[in-house]
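The following exercises concern the packing of helices and the burial of side chains. Please work through each task before reading its solution.

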Amino acid sequence: MTTTQTFVDHLREARDATHSKNHPYIDKWAKGELTRKQMGYYTVMHYHFVTEYLKWLAYIWAHCPVDEVRLNILENLSEEEDVRDRHMDM
């Protein structure tokens with residue numbers, strides 16, 4: 001971490017190094033190269049992730065000792081739960 005990077009910048013850098021959007025699965029999905037069974041497995045796993053995600057994120061926010069990180073988590077939660085465009089309703 002350089003002196004000009006914030007703690008959140010450092011977290012984002014660490015996340016982006018292994019981000020799921022860079023996984024070969026996503027490329028195969030975009031190219032239509034996955035089988036129905038593979039898509040089914042993904043759908044089940046993704047469902048379980050997203051149904052618990054906001055509870056997990058709220059727990060992390062409530063227990064986070066770093067103000068800058070807590071603020072970023074709260075912004076994310078606010079966006080996810082925005083009554084005008086709630087992400088879980090998509």
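**Exercise 1: Helix 3 and helix 4**

The axes of helix 3 and helix 4 approach to within 9 Å and cross at roughly 155°. Axes here are lines fitted to C-alpha atoms, for helices over the stretch in contact, with angles from 0 to 180 degrees between N-to-C directions. Helices (H or I, at least four residues) and strands (E, at least two) are DSSP runs, numbered from the N terminus. The model is predicted: local features need pLDDT of at least 70, side-chain atom pairs count only at pLDDT 80 or more, and totals for chains, interfaces and linings use all residues. Residues are numbered from 1 along each chain as its sequence is written, and side-chain values use heavy atoms, with hydrogens and water left out.

Task: How are helix 3 and helix 4 oriented to each other, and which residues make the contact?

Solution.
1. Angles under 35 degrees count as roughly parallel, over 145 as roughly antiparallel, 65 to 115 as roughly perpendicular and the rest as oblique.
2. Helix 3 and helix 4 are therefore roughly antiparallel.
3. Their crossing is left-handed, meaning that the near helix is turned anticlockwise from the far one by less than a right angle.
4. Helix 3 contributes Tyr53, Leu54, Leu57, Ala58, Ile60 and Trp61 to the contact, and helix 4 contributes Arg70, Ile73, Leu74, Asn76, Leu77 and Glu80. Contact means heavy atoms within 4.5 Å.
5. These residues comprise nine nonpolar, one polar and two charged. Ala, Val, Leu, Ile, Met, Phe, Trp, Tyr, Cys and Pro count as nonpolar, Asp, Glu, Lys and Arg as charged, and the others, Gly among them, as polar.

**Exercise 2: Two residues of helix 4**

Task: Are Ile73 and Leu74 buried, partly exposed or exposed?

Solution.
1. Buried means under 20% relative accessible area, exposed over 50%, and partly exposed in between (1.4 Å probe, protein chains only).
2. Ile73 lies in helix 4 and, at 10% relative accessibility, counts as buried.
3. Beyond its neighbours within four places in sequence, Ile73 is in contact with Leu57, Ile60 and Trp61.
4. Leu74 is also placed in helix 4, but with a relative accessible area of 37% Leu74 is partly exposed.

**Exercise 3: The nonpolar core**

Task: Which residues make up the largest nonpolar core, and which helices each supply at least two of them?

Solution.
1. A nonpolar core is a set of buried Ala, Val, Leu, Ile, Met, Phe, Trp, Tyr and Cys residues joined through side-chain atoms within 4.5 Å.
2. The largest one has eight residues: Val8, Tyr53, Leu54, Leu57, Cys64, Val69, Ile73 and Leu77.
3. Helix 3 (36–63) and helix 4 (67–80) each supply at least two residues of this core.
4. In soluble globular proteins, nonpolar side chains tend to be buried together.

**Exercise 4: Helix 1 and helix 4**

Task: What is the orientation of helix 1 and helix 4 to each other?

Solution.
1. The axes of helix 1 (residues 7–17) and helix 4 come within 8 Å, crossing at roughly 60°.
2. Helix 1 and helix 4 are therefore oblique to each other.
3. Phe7, Val8, Leu11 and Arg12 of helix 1 meet Glu68, Val69 and Asn72 of helix 4 in this contact.
4. The contact residues divide into four nonpolar, one polar and two charged.
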